[in-house]
Amino acid sequence: MNENQLREHIATLGKSLYDRGLAHGSAGNISAKLPDGWLMTPTNSCMGRLDPARISKLDTEGRLVSGDKPSKETFLHVCMYRERASCGAVVHLHSAHAVAVSCLDGINADDVFPPITAYAVMQVGKLALVPYYPPGDETLAEAVRKVAGKHYAVLLANHGPVVAGSSLDAAVNAIEELEQTAKLYLLLQGQPTRLLTPGQVAELNRRFAS
Ligand SMILES: [Zn+2]
């Protein structure tokens with residue numbers, strides 16, 4: 001995919017996420033890797049109405065090259081690219097179910113979800129919870145950097161998920177699976193639940209590990 005196709009694809013997927021209620025107002029941001037930097041959705045932009053031509057272009061240091069001013073949450077994306085060489089795209093949402101889980105007390109910070117479904121295991125993997133810091137706080141960048149090498153999916157406490165993928169489609173699919181898993185997890189709260197066994201999880205990891 002060349003740069004123009006990638007710009008169009010970001011706008012198309014942004015609208016799709018917005019139309020299905022996974023992004024609202026100016027919440028959420030998408031980035032994708034280019035040979036000489038990254039494309040990043042602009043600050044205060046609505047994911048449902050992105051103009052491909054105005055999407056911010058950043059160099060490999062994260063400096064603005066062209067387009068509108070980038071999202072204030074760009075540093076979350078940069079952390080993922082820096083720590084994960086295979087990362088081709090990053091998506092961050094404030095989607096309701098994932099944010100609700102990020103506010104629950106007593107969450108396992110190294111592996112937020114128990115193994116509810118095979119797709120959660122395969123597409124979300126071990127979701128790390130990063131402690132709460134105000135949006136844009138430098139300490140938040142440091143906290144994300146610490147876990148980004150080991151986890152491609154990160155949940156910011158009382159804020160929302162950040163997911164890296166090898167491609168834009170892969171990152172969007174994984175964050176949608178994360179949101180769906182969060183919804184199931186909340187539906188099952190207080191219900192006797194039959195989780196996948198450690199043996200079944202190991203088998204999935206053996207068969208489908210990327
Ligand atoms: Zn955010």
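Q: How many salt bridges does the count come to in this predicted model?
A: The count comes to ten.

Q: Why is the pair Asp-19 and Lys-15 called a salt bridge?
A: The closest N and O atoms of the two are 2.5 Å apart, and the cut-off is 4 Å, so the pair qualifies. Both residues sit in helix 1 (residues 3-19), four residues apart, which is about one turn of the helix.

Q: What makes Lys-15 partly exposed?
A: Its relative accessible area is 39%. Partly exposed runs between 20% and 50%, so Lys-15 belongs there.

Q: What do Asp-68 and Arg-54 tie together, and why?
A: Their side chains meet in a salt bridge at 2.9 Å, N to O. Asp-68 lies in the loop between strand 4 and helix 2, and Arg-54 in the loop between strand 2 (37-40) and strand 3 (56-58), so the pair links parts that are 14 residues apart in sequence.

Q: Why is Arg-206 called exposed, while Glu-203 is called partly exposed?
A: Exposed means over 50%, and Arg-206 has a relative accessible area of 62%, so the word fits. Glu-203 comes in at 27%, between 20% and 50%, so it counts as partly exposed. These two form a salt bridge as well, with the closest N and O atoms 2.5 Å apart.

Q: Which residues hold the zinc ion?
A: The zinc ion is coordinated by Glu-73 (OE, listed twice), His-92 (NE2), His-94 (NE2) and His-159 (NE2), at 2.0 to 2.7 Å. The cut-off for a donor here is 2.8 Å, so these atoms count.

Q: Why can Glu-73 and His-159 be said to tie parts of the chain together?
A: Glu-73 is in the loop between strand 4 and helix 2 (74-83), and His-159 is in the loop between strand 7 and strand 8, so the pair joins parts that are 86 residues apart in sequence.

Q: How do you know whether His-159 is buried or exposed?
A: Buried means under 20%, and His-159 has 9% relative accessibility, so it is buried. Its side chain also makes a polar contact with the side chain of His-94, at 3.1 Å.

Q: What makes strand 4 and strand 6 the edges of the sheet?
A: Eight strands form an open sheet in the order 4-3-2-1-5-8-7-6, with mixed pairing. Strand 4 (64-66) and strand 6 (128-130) each have a single partner strand, so one side of each has no neighbour in the sheet.

Methods. Residues numbered from 1 in each chain as written. Predicted model: local features only at pLDDT ≥ 70, side-chain atom pairs only at ≥ 80, totals over all residues. Heavy atoms only, no water. Pairing = 2+ DSSP bridges. Helix = DSSP H or I, 4+ residues; strand = E, 2+ residues; numbered from the N terminus. Donors = N, O, S within 2.8 Å, 3.2 Å for Na, K, Ca; no water. Buried < 20%, exposed > 50% of the residue type's maximum accessible area, 1.4 Å probe, protein only. Polar contact = N/O pair within 3.5 Å; in protein donor to acceptor, adjacent residues only side chain to side chain.
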